[in-house]
Amino acid sequence: MNYYFDNAATTPISERALEKYISTSRNITGNPSSIHRQGTQAKEYLEAERRRIADTLGIQPGQIVFTSGASEAISRVMESLLWLKNPGAVIISKIEHEAVKSYAAILKDRGWDIRWLKAKEGHPSSVDLEKLLSPEVKLVAIMSVNNVTGAITGIPELVATVRNYEKKTGRKIVFFSDSVQALGKTELDLKGWDVDCASFSSHKINGPRGVGMLYIKNRNFLHPLAAQGGQENGLRGGTENTPGISAFAEALVELYENREEKDRKAAEVSSFIRNELETAGFEILSKAPCTPYIISVATPLPAEVFTRMLMDKGFCVSSGSACSNNAKGKGEGTLQSMGFPARLGENAIRISLAENPDMESAKALVEAMKEIADAR
Ligand code: PLP
């Protein structure tokens with residue numbers, strides 16, 4: 001038996017998304033840029049899929065730029081800064097995914113002032129954010145849900161802090177929120193939150209790999225990728241991945257179906273895992289407010305050892321995020337930057353639930369974890 005509890009790393013493609021991928025590949029054969037019938041058919045199809053995604057997320061179709069994944073979407077935002085005439089300051093939360101954080105060194109090298117926003121237990125405060133704001137700040141990057149613990153960062157309040165500052169100073173600040181782990185794991189309201197841009201990934205929501213998207217409220221800020229192709233409104237050149245995009249749209253629509261029931265089930269399974277593990281002496285590092293779909297647990301053994309022992313019993317969990325985020329010599333890890341002691345970080349594994357988790361698998365996982373801890 002194989003139990004998969006690593007859905008924050010990636011998810012299996014759903015049957016519906018896979019069927020959509022196959023049928024689009026088979027039936028929509030033209031290049032959306034071609035002017036013949038097959039081309040215009042592909043273009044119409046692509047735009048209908050863009051609309052489907054926009055409607056589901058409550059945004060405008062023109063605010064979507066399809067990419068190869070979230071890392072590319074993130075790179076478009078962060079690299080756009082490098083094209084600005086004068087460097088300024090950028091605020092980055094300490095708990096960002098490496099895809100965002102890695103731009104700090106590049107920007108610093110180009111004369112940017114990097115201001116790190118702390119986030120105790122994964123929750124940045126608007127008071128701390130306010131202290132970092134100054135007229136030099138051009139962008140604020142704060143993720144919506146953390147990928148290691150599932151902490152919900154509180155984007156609406158953080159954006160409001162930035163918007164208030166903008167009103168006082170009359171200067172525009174771009175608010176970017178990497179929202180990969182928010183999709184389907186917590187409430188998401190891009191328009192209501194008033195973020196300027198947000199990144200998403202298809203393979204985290206049972207869609208295919210190699211597809212992602214950037215939400216961009218106002219395209220003025222964005223420096224295009226291979227603009228000469230003209231695709232994606234001139235923001236990202238290259239023939240569109242029509243089958244991948246249509247399968248992503250399908251996965252997204254499916255994700256939002258029966259949402260309340262899925263969330264109720266996830267909360268039930270998550271509470272069960274947390275309570276059982278806590279009673280057995282494990283320490284839970286996912287602190288409220290956090291999504292039920294991600295649980296960070298400090299084990300009595302180094303994370304890699306515990307993960308391998310669980311694997312021998314047929315369970316897939318992640319030590320990766322915890323480990324790489326605590327990698328020696330790579331600076332402070334995510335869990336450490338949240339204020340957890342280094343020892344807990346080194347022993348922490350991540351359990352991440354499927355969008356439709358089942359209790360029987362959760363019971364089996366908890367038993368396996370207790371057995372490993374007891375045999376030590
Ligand atoms: N941002 C977060 C929060 C993630 O969890 C991930 C994936 O691990 C990424 C960005 C990168 O996503 P992708 O694999 O689509 O490039």
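## A walk along the salt bridges, then into a pocket

Start with helix H2, residues 37-57, and pick out Glu-47 and Arg-50: both sit in this helix, three residues apart, or about one turn. Keep in mind that you are looking at a predicted model. Show the two side chains and you'll see them meet in a salt bridge, 2.8 Å from N to O. Glu-47 is partly exposed, at 22% relative accessible area, while Arg-50 is buried, at 6%.

Stay on Arg-50 and add Glu-232 to the selection. These two also form a salt bridge, with the closest N and O atoms 2.9 Å apart. Glu-232 belongs to helix H9 (residues 231-234) and Arg-50 to helix H2, so this pair ties together parts 182 residues apart in sequence. Glu-232 counts as buried too, with a relative accessibility of 6%.

Now jump to helix H16, residues 359-374, and select Glu-367 and Lys-370, which are three residues apart, about one helical turn. Their side chains meet in a salt bridge at 3.7 Å, N to O. Glu-367 is partly exposed, at 43% relative accessibility.

For something more branched, select Arg-16, Lys-20, Glu-49, Arg-52, Glu-250 and Glu-257: salt bridges with shared partners join them into one network. Across the structure there are 29 salt bridges.

Last stop: the second largest pocket, with a volume of about 240 Å³. To bring up its lining, select Leu-84, Lys-138, Lys-172, Val-174, Asp-196, Ile-216, Lys-217, Asn-218, Asn-220 and Phe-221. Color that lining by residue class and you get four nonpolar, two polar and four charged residues.

Notes. Residues numbered from 1 in each chain as written. Predicted model: local features only at pLDDT ≥ 70, side-chain atom pairs only at ≥ 80, totals over all residues. Heavy atoms only, no water. 1 Å grid on protein atoms, 1.4 Å probe; cavity = no way out; pocket = protein on both sides within 12 Å on 5 of 7 lines; lining within 4 Å. Points joined across faces, edges and corners; volume = space filled by probe spheres on them. Nonpolar A, V, L, I, M, F, W, Y, C, P; charged D, E, K, R; others polar. Salt bridge = Lys/Arg side-chain N within 4 Å of Asp/Glu carboxyl O. Helix = DSSP H or I, 4+ residues; strand = E, 2+ residues; numbered from the N terminus. Buried < 20%, exposed > 50% of the residue type's maximum accessible area, 1.4 Å probe, protein only.
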